[in-house]
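Thanks for coming, everyone. I would like to walk through one model this morning, going from charged pairs to sheets and then to the interior.

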Amino acid sequence: MAVVIDEVSRTFSEYLLLPNLTRKENVPANVRLQTPLVSHPLGEPASICLNIPMASAVMQTVSDDRMAVAVARCGGISFIFGSQPIDRQAEMVRRVKKFKAGFVVSDSNLRPDATLRDAVALAGRTGHTTMAVTEDGRPDGPLLGIITSRDYRVHRQDPASRVDTFMTPFDRLVVGHDGISLNAANDLIWEHGLSCLPIIDGGRRLRHLVFRKDYDAHRENPDELIDEEKRLVTGAGISSHDYRDRVPPLVDAGASVLCIDSSDGFNEWQAECLDFVRGRYGERVKIGAGNVVEPDGFEYLADAGADFVKVGIGGGSICITREQKGIGRGQATAVLDVAAARDRYAERTGRYVPVCSDGGIVFDYHIVLALAMGADFVMMGRYFARFDESPGRQIRLGTNVVKEYWGEGTNRAQNWARYDAVGGQLAFEEGVDGYVPYAGSLGSNLQQTLARIRATMCNCGAIDIPELRRKARLTVVSATSLREGGMHDVLQKERELVTEL
């Protein structure tokens, strides 16, 4: 006879937060949103912490290299989708890691006998307007000069002109020497009004480039998530099918953390995948697993070596797993139950395994609810799919501007291995193909979301996530009270164009 859990399965929308005493220190400017991304011994910091508790989902229409850069610069993380050829996913990871590095290995290089035509072609391929000229054209060759877009005019110069005739030669360059600190390099950049500072060794070989834009970008994005080498942090999605082939190139490309992408992660294939990564890389490579909705699934994956566990089945706006299979659980109940198991597991083993709430976020305050219920961070698809930085196409649908958004459980995603499909086709789909309203750039929208999160936490009397978790008080709401909480019994004013006389 089946085991029946005599508890209603609830969603985030069925809860509200009760306010606590707001102390004078409870102002948004004091709120800290740092949270652990990966497992760590109790009482010790995690090796990777997020500066905002948000991750973009492992989806084709959500997380590519452009989104990964944008989210990391704001302090979160993206998991670049794995339902694509291995070399293409690895290249996306590589582009994120190269985007900002403080000390950058030059990947736009020319020989002195290259032509203006070669330089223009190289700039077109890489998007880089600063190119190093070395004796052998290698990134670590003896430096002869630097070319920027200010050094030539495409329509006024002979395309066959050699680059050594219009480059800025070495004897006119300001350079730094190998071993210089990033602060000292930036001081040279500002002192001499440079856009780029080459770093050379004792043999005049090029070692790195330091860009002024990287310094400016860091000042504009103080929460950006960077690794020990000052490179942006990015994740990558994998499956429990081709991980033996996919993981090594992703690690070589610089992926900061991996995530097994599956609608149901409580299975032996995920345990084997975790065992493979642990056996090959030890603790050097971090990897999350999931998804689960109850304590047994969490403990199974934690014991197998998962660095974080994703919670949620069927709660995403694009997911119809519950409808198709009858498998899943209300997201709020799942998070509460798994987070409690996480705490018991930490007390028993001394190892804290973060919980990621994946799906079910409709409103910004749902993020605060998820954190208060015990999630360490949330993963979202629809939220990020709306922005300029997502890879989905932006189209006009009637009078509305929308972006394409489809689930990994659709035939369009061609992510058949994720669902054990045979013959390159799903027997039935667990996701839908649709649209989300276009919302503009990520930056401005995310800042508004973070402002709401901070303000809500202040009302709860908390200035960080652990304090929120300790102090939060939740109340279950009825359908009638949900209606009461929105606009009701009034006519909303229509926005009118008013001409000032």
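Let me begin with a definition, since I will lean on it at once: a salt bridge here is a side-chain nitrogen of Lys or Arg within 4 Å of a carboxyl oxygen of Asp or Glu. I should also say early that this is a predicted model, in which local features need pLDDT of at least 70 and side-chain atom pairs count only at pLDDT 80 or more, while totals for chains, interfaces and linings use all residues. Residues are numbered from 1 along each chain as its sequence is written, and side-chain values use heavy atoms, with hydrogens and water left out.

By that rule the count comes to 28 salt bridges, and I will show you some of them. Arg 231 pairs with Asp 227, their closest N and O atoms being 3.1 Å apart, and Arg 231 is partly exposed, with a relative accessible area of 22%. For the burial terms, buried means under 20% relative accessible area, exposed means over 50%, and partly exposed is in between, using a 1.4 Å probe and protein chains only.

Arg 138 and Asp 140 also meet through their side chains in a salt bridge, at 3.5 Å from N to O. Arg 138 is partly exposed at 47% relative accessible area, and Asp 140 is partly exposed at 30%.

Now, are the partners in the bridge between Asp 376 and Arg 342 buried or exposed? Both Asp 376 and Arg 342 are buried, and their closest N and O atoms are 2.7 Å apart. This pair links distant parts of the chain, 34 residues apart, with Asp 376 in the loop between helix 11 (364-372) and strand 20 (377-380) and Arg 342 in helix 10 (residues 331-349). Helices (H or I, at least four residues) and strands (E, at least two) are DSSP runs, numbered from the N terminus. There is also a network of salt bridges, which links Arg 23, Glu 25, Glu 467 and Lys 471.

Turning to the sheets, I count two strands as paired if DSSP finds at least two bridges between them. One open sheet has four strands in the order 7-8-9-10, with mixed pairing. Strand 7 (109-110) and strand 10 (168-169) stand at its edges, each with a single partner strand, so one side of each is left without a neighbour in the sheet. Strand 7 runs parallel to strand 8 (residues 131-134) and is joined to it by two bridges, with Ala 132 in strand 8 as the bridge partner of Asn 109.

Helix 3 (residues 116-126) belongs in the same part of the talk, as its buried residues pack against strand 7 and strand 8, where contact means heavy atoms within 4.5 Å. Those buried residues are Leu 116, Ala 119, Leu 122 and Ala 123. Seen down the axis of helix 3, they fall within an arc of 120°, so they line one face of the helix; the arc is that of the directions from the helix axis to the C-beta atoms. The face turned away from the buried side carries the exposed residues Arg 117, Gly 124 and Arg 125. Helix 3 is followed by Gly 127, whose phi is positive, near 80°.

Elsewhere, strand 12 (residues 196-200) and strand 13 (residues 206-211) run antiparallel and are joined by five bridges, in which Cys 196 has Phe 211 as its partner. The two strands form a hairpin with five residues between them, and Arg 204 in the turn has a positive phi of about 65°.

Finally, the interior. In soluble globular proteins, nonpolar side chains tend to be buried together. A nonpolar core is a set of buried Ala, Val, Leu, Ile, Met, Phe, Trp, Tyr and Cys residues joined through side-chain atoms within 4.5 Å. Which residues touch the most other members of the largest one? Among its 103 residues, they are Leu 37, Met 54, Ile 77, Phe 79, Val 247, Phe 298 and Phe 384. Leaving aside residues up to four places away in sequence, Phe 384 touches Met 54, Ala 55, Ser 56, Val 62, Met 67, Val 71, Ser 390 and Leu 442. Apart from the largest core lies another, of 14 residues, including Leu 110, Ala 114, Val 133 and Tyr 152.
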